[in-house]
Amino acid sequence: MDQARSTITKIFNGEPHSYTRFNLTQNMEGDNSHVEMKLSSDMDEEAGGNGVGAHLNHNSNHKSYMTSKFERTPKHLCFMVATVLLIFIIGYLIGYLVHRQRDLAPSCEASVQLSEEPVVHEPVVHETEAAPVMAWNDVKNAFAQKLTASNFQSAFSDLSSESHRAGSSSDDALADKVIKKFQEYGLKTWTDEHFIKVQDRPLSGSNKVIFKNGREERPGGFLSYSANGNVKGAVLYAYYGQESDFRMLRDRNINMSGRVMLIRAGKISFAEKVANAAKMKASAVLIYQDPTDYPSEGTTQLFGHVHLGSGDPYTPGFPSFNHTQFPPAESSGLPNILAQTITTSTATSIIAQLEGQIAPEEWGDFNKLGSENDVVTVEVENVLTEKKINNVFGVIEGFVDADRYLVIGAQRDAWGPGFAASTVGTGVLLEMARSISDMLRKDGFKPRRSIVFASWSAGEYGSVGATEWLEGYLSSLSTKAFSYINLDGIVAGHNGFKVAASPMMYGLIERTLKEVSVQNRAESLFSEFGKGNWEANMLEPLKLDNAAYPFMAFSGIPSLSFRFTSGNIDYPYFGTLLDTQEKLIAVTSNQHLQLAEAAAKFAGHIALRLVHDHLLQMDLIKYDKIIRTHVAQINRKVNTVQRMQPNLVPTSVQWLISASGSYSRASRNLMKDIQNSDLEDIEMCRIYNDRIMSVERNLLSAYVSARESPFRHVLLGSGPHTLKGLSNHLDALRTESPEADVDRFRNQFALATWTIQGCANALVGDMWSFDNEI
């Protein structure tokens, strides 16, 4: 304004023969372009009389373009005063509006802090041209007011059915209900169709289990993707079928080749149990629910799958669209041994007759493990069928970064009624969609980023619908989807709360736990279930059979899954035909509606925070600690192996240590950049958010096959390419195990090291700032 006033004064009251020249000089370095105004009393002093000034001074008397000899009549004086006054008023108003817009511009709330303790910054009410921003307290209060127990009861009643197995007519009918609800709430909707191959139980007859010469058992349950055939072998009890359990059997010099493993459900997925047994060269696996873990009826039939992966195992790494024509392919996660579920009563009868060695004391009240005389016959004749499934979507578009989106999903199908497995999650999904869309219409809420609500099919066969969608649009999703929230099985008890998530989301989870409580309970979830150390008491690993796992370990999208539990006891009716509303009411002491409301608030608060704040609420330091812990462990093991056999592993761990240091510096420097920058700049916020989003994605190893190792995350995935895989390989080298391979270890070590270094490079952003010290 001062410069403008000075210029105007010189124009109208300047010295004789003065003129003004506007030199339009564009600054090409970003958005700081400007117009430079140069004032001079003589053009010839600057241009030597022959340049631009010579052309501008075209008056024959060589007078300046604008002379100071005005006719100072009253009429002209009035005109000049009015002109000056008008220009001054316009300039003042422009200056005022610019200054006010700067005051009202969005101040980006830092989503990451340098301190170890999370700091909660409540944003001031701001407004931008694109999206007025409500204060966070107003957002969460408005959302909470939309949720009522009566609405959840209505949603559950509308969605409940006796059977809605994937690809069935009842599954399709349920999909129609979901999409109509999305449309009723004003969401943009679409469907995603896939043709998948799954295994179902025999169309006629059944699978069979015969122990010794006893009665033939024909179980009603089955395990999809089992190998088919008929085997006869001696029973061997293997506890939960974990790697540590098989090591204990091996340490007792028990021959496991050709044995039929009897394994309890729980701890790990069915697929992992079967894969571990296959490594021991077992011929078959029988899985049952032990009454100490699952206090249910002894005749309950159990359903599940044994694909060591997710998605359609006959289109590994690529989507099962109808128009996709690829040669026949199979996932490496398909087992080559038989697997079948049996009832608790059948398992109890077999265990009572076992001979052989006495079981370890820590394995419970089992006296014997089984001998070569305890022969069982297992016959599996499952049928491979093709099914058409539909995923259903609704989206609330963002007002600033519409092409960046959060995905909230729930499984829609179930083996039977599936009330806790799918109905509750789908009902919460719809209530969240209704409530947030209502906030847009009535409360003026405008999310910065988009929210995609997804209803998946074929979840019971291994997150097939969700994984096929990821495979179909991976190139887009991995760069634009910044988080996934899973709503499967969120209410499975009432006196415990468990969370499994990307470490980047831990800080946001902690803040949300402190804001949400169960209806009619005074304490927050943090106070009620955290008990001082919330990470130790509430966090659990994200497991292979969780629908959030492929989002994170396959696609590199930070993900979250959570559930109300009954202490350490698993919900006994998942994977059975007894998963009804009545059973859930009994397990939750008739609090299922209040717990569903609390679950919706917890998921909703996290979702709204991620689309409300200018910067994504992600904590980069957590991965720094995890990487350092893995590196320290690997370093110790390498030193141990080198002391035992100096020439065996001539690998310098300094490479990995340097990569870890690069990540540490890059993550901390990014946080400092955020704190020291003008975060009112929307484009700068977008750049910072993209760098934050790159972390999970760049921890996926680029050096492994999606078919052989689909879960490529080097920290949270599975396979020899992970840092855990490197550590296990060092154990094999130390014990001189047959599967140990020095050359393969060196190669995996180098590739894992460069994956972490590449992640650090992506955090830095500019290529000329890369920190490659290896």
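Tyrosine 225 counts as buried, because its relative accessibility is 2%, under the 20% cut-off. This comes from a predicted model, so let's keep that in mind as we look around. Tyrosine 225 has a partner in oddity, glutamate 736: each has a positive phi although it is not a glycine.

**Two residues with positive phi**

- Tyrosine 225 sits in the loop that links β8 (223-224) to β9 (229-237).
- The phi of tyrosine 225 is about 75°.
- Glutamate 736 lies in another loop, the one between α23 (723-734) and α24 (742-764).
- The phi of glutamate 736 is about 55°.
- Glutamate 736 counts as exposed because its relative accessibility is 59%, over the 50% cut-off.

**The seven-stranded sheet**

- Seven strands form an open sheet with mixed pairing, and their order is β5-β15-β17-β16-β18-β20-β19.
- At the edges you will find β5 (188-200) and β19 (496-501), each of which pairs on one side only.
- From one strand to the next, the twist averages 20°.

**A closer look at β18 and β20**

- Strand β18 (residues 481-486) runs parallel to strand β20 (residues 559-565), and three bridges join the pair.
- To find one bridge yourself, start at tyrosine 484: its partner in β20 is serine 559.

**A helix on the sheet**

- Helix α22 (residues 682-698) packs on this sheet, where it touches β16 (401-411), β17 (449-456) and β18.
- The direction of helix α22 makes about 40° with that of β16.

How values were computed
Residues are numbered from 1 along each chain as its sequence is written. This is a predicted model: local features need pLDDT of at least 70, side-chain atom pairs count only at pLDDT 80 or more; totals for chains, interfaces and linings use all residues. Side-chain values use heavy atoms; hydrogens and water are left out. Two strands pair if DSSP finds at least two bridges between them. Helices (H or I, at least four residues) and strands (E, at least two) are DSSP runs, numbered from the N terminus. Axes are lines fitted to C-alpha atoms, for helices over the stretch in contact, and angles run from 0 to 180 degrees between N-to-C directions. Contact means heavy atoms within 4.5 Å. Buried means under 20% relative accessible area, exposed over 50%, partly exposed in between (1.4 Å probe, protein chains only).
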